[in-house]
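Here's a quick walk through one protein model, strand by strand. Have the structure open as you read.

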Amino acid sequence: MSTYKTMYKCRDCGATSYQSVIGRAQNGALLATGQYRCTGCRNVFSSIREWWQPKRMPETYSHSTFG
Ligand SMILES: [Zn+2]
């Protein structure tokens, strides 16, 4: 399985490389599923962007609670 080094980091564990996920097709051949697995935390992502892009922060703008 090939490992890709990137300039990005995993948003969860900070690893800088990932692998392409390999699945088995109906005819028994091994095929890339188009997904990616982090080499650090082993999470699977559907895109590289999803791998490195920070999760959306919860919107906490409630500094003051008037009303
Ligand atoms: Zn990771």
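## The central pairing

Start with strands β2 and β3: residues 17-24 and residues 30-38 run antiparallel, joined by six bridges. Keep in mind that this is a predicted model. To find your bearings in the pairing, look for Tyr-18, whose bridge partner in β3 is Cys-38.

Between β2 and β3 the hairpin has five residues. One of the residues to click on here is Gly-28, which takes a positive phi near 90°.

## On to β4

β3 also pairs with β4, a strand covering residues 44-45. That pairing is antiparallel too, and two bridges hold the record of it. Across from Val-44 in β4 you'll find Arg-37.

How many residues sit between the strands in the hairpin of β3 and β4? Five, and Arg-42 in this hairpin takes a positive phi near 70°.

## The whole chain

Stepping back, the protein has four strands and one helix. Read from the N terminus, the order is β-β-β-β-α, with the strands ahead of the helix.

What share of the 67 residues is buried? Just 6%, counting a residue as buried when 20 or more other C-beta atoms lie within 10 Å of its own.

As for contacts with a separation of 6 or more, 31% come from residues 24 or more positions apart.

Terms used
Residues are numbered from 1 along each chain as its sequence is written. This is a predicted model: local features need pLDDT of at least 70, side-chain atom pairs count only at pLDDT 80 or more; totals for chains, interfaces and linings use all residues. A residue is buried if 20 or more other C-beta atoms lie within 10 Å of its own, exposed if 12 or fewer, and partly exposed in between; C-beta atoms are placed from the backbone. Two residues are in contact if their C-beta atoms, placed from the backbone, lie within 7 Å. Two strands pair if DSSP finds at least two bridges between them.
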